[in-house]
Amino acid sequence: MIIRAFPVFSPRPWGDFYLNELFKVGAEEPIGEVWLLSDVSHLRSSFRSLDGEEITSKELVRTTGLKLPRFPLLIKLISTTDWLSVQVHPDDDVARSLEGEPWGKNEGWLFLSDGEVSLGTVESEELEKSIQENRLESILKTVHVHKHDFLYLPAGVLHALGPNTRLIEIQQTSDLTYRIYDWGRGRELHIDKALKAVKKVETHPVPFNGHAETPYFTVEELQYGEVKGFTVLIMENFSTYIVPVDEIFQVKEKCLVVRLGKWWYNNFEAVEEEEKGG
């Protein structure tokens, strides 16, 4: 049973009316993030089989073939007109200890346009000192990215996404973001938690040559062919589908194929055959 995910929309102060027009959303505020596939409770996609049957969260998790507390992947389309906040995401251990969450937020960005990001490779003490001395910009490096670049953002790395940048974001299902600086927009900051989450992690954009692999997911470009087992398919028009673990799907158009990385199989057990049947 192939499942389609129907998007939900998140207005943001740095959002882009391009997304409103693309998805015909009549909101007065600009959409910043289109959550193409989300099982996060407060911004959940609707999921239906190709026959129109509604799919529950429990059924969605079952498509992975693993014993998971929630569906593992969250996929977004993001388009910006201004800088996002300077922020950091917790890793799996920090998310469990600070938030009681099953995992943190490791993510990857596949750029659909040229753009820019700011990255900081720092430890907690250096970040705290830069905040106290009002020189946060001194620990951030602005990096120009190109269309078809891929940037893996391990949890703990300090980052901010720049203006006029469009991308697909693939991440663990988590909505944990600790803002450190928000350009005077007045939103809540999370300095104490950010100091616990930040890690000295090196990362940089690389050309996406049709395949990218991280511990949490892999993504590849496919023109046509057979897809077997649990996958998420993102079509060129951004329609998004889930292929369950025991299914086969014939791809007949260009799309992105997202699969789970090794971390999931190393940390969670497979569902037995009798459990799959309910």
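Burial comes out at 56% of the 278 residues of the protein. The model is a predicted one, and the accessible surface adds up to about 13,100 Å², with carbon and sulfur atoms holding 47% of that area. In secondary-structure terms, the chain is laid out as seven helices and 21 strands. The radius of gyration is 19 Å, close to the 19 Å that the globule rule gives for 278 residues, so the protein is as compact as a globular protein of that length. Measured out along the principal axes, the C-alpha trace covers about 60 × 40 × 35 Å. Contacts between residues 24 or more positions apart make up 75% of the protein's contacts with a separation of 6 or more. As for charge, there are 30 positive and 45 negative charges, and their mean positions sit 1 Å apart.

Two serines are worth a look on the buried side. Serine 118 belongs to strand 8, which runs over residues 115-120. Its relative accessible area is 8%, and with the limit for burial set at under 20%, serine 118 is therefore buried. The side chain of serine 118 has a polar partner in the side chain of threonine 142, at 3.1 Å. Threonine 142 also turns up among the residues that serine 118 touches beyond four places in sequence, along with Trp83, Leu140, Lys141, Leu158, His159 and Ala160. Some of this company can be placed on the chain: strand 9 covers 141-145, and strand 11 covers 158-161.

Serine 174, by contrast, is a loop residue, found between strand 12 (166-172) and strand 13 (178-181). Being in a loop does not put serine 174 on the outside here: its relative accessibility is 1%, and it counts as buried. What does the side chain of serine 174 reach? The partner is the backbone nitrogen of leucine 176, at 3.3 Å. Setting aside neighbours within four places in sequence, the contacts of serine 174 are Leu74, Trp103, Gly104 and Lys105.

Glycine 210 is another buried loop residue. The loop in question joins strand 14 (206-207) to strand 15 (211-213), and glycine 210 has 16% relative accessibility, which counts as buried. Beyond its neighbours within four places in sequence, glycine 210 is in contact with Val219, Glu220 and Glu221. Valine 94 is a different story: 116 residues separate it from glycine 210 in sequence, and the C-alpha to C-alpha distance is 32 Å.

Leucine 112 takes up a middle position in terms of exposure. The residue sits in the loop between strand 7 (107-111) and strand 8, and a relative accessible area of 28% makes leucine 112 partly exposed. Its contacts, leaving aside neighbours within four places in sequence, are Leu77, Lys147, Arg166, Leu167, Ile168 and Phe238. Of these, Arg166, Leu167 and Ile168 fall within the range of strand 12 (166-172). Leucine 112 and phenylalanine 150 are 38 residues apart along the chain, with their C-alpha atoms 9.6 Å apart in space.

Phenylalanine 249 is part of strand 20, residues 248-251. Not counting residues up to four places away in sequence, phenylalanine 249 touches Ile2, Gly225, Glu226, Val227, Leu233, Met235 and Val243. For one of these, glycine 225, the sequence gap to phenylalanine 249 is 24 residues and the C-alpha to C-alpha distance is 8.4 Å.

That leaves the backbone oddities. Most residues other than glycine have a negative phi. Which sign does phi take at asparagine 134? Positive: the angle is near 55°, in a residue other than glycine. Asparagine 134 lies in the loop between helix 4 (124-132) and strand 9 (141-145), and with a relative accessible area of 69% it is exposed. Asparagine 164 also has a positive phi, about 55°, although it is not a glycine. This asparagine, residue 164, is in the loop between strand 11 (158-161) and strand 12. Asparagine 164 counts as exposed too, at 57% relative accessibility.

Conventions: Residues numbered from 1 in each chain as written. Predicted model: local features only at pLDDT ≥ 70, side-chain atom pairs only at ≥ 80, totals over all residues. Heavy atoms only, no water. Helix = DSSP H or I, 4+ residues; strand = E, 2+ residues; numbered from the N terminus. Rg over C-alpha atoms; globule rule 2.2 N^0.38 Å. Buried < 20%, exposed > 50% of the residue type's maximum accessible area, 1.4 Å probe, protein only. Contact = heavy atoms within 4.5 Å. Areas by Shrake-Rupley, 256 points an atom, 1.4 Å probe, with all protein chains shown as cover. Lys, Arg positive; Asp, Glu negative; His and termini not counted. Charge placed at Lys NZ, Arg CZ, Asp CG, Glu CD. Polar contact = N/O pair within 3.5 Å; in protein donor to acceptor, adjacent residues only side chain to side chain.
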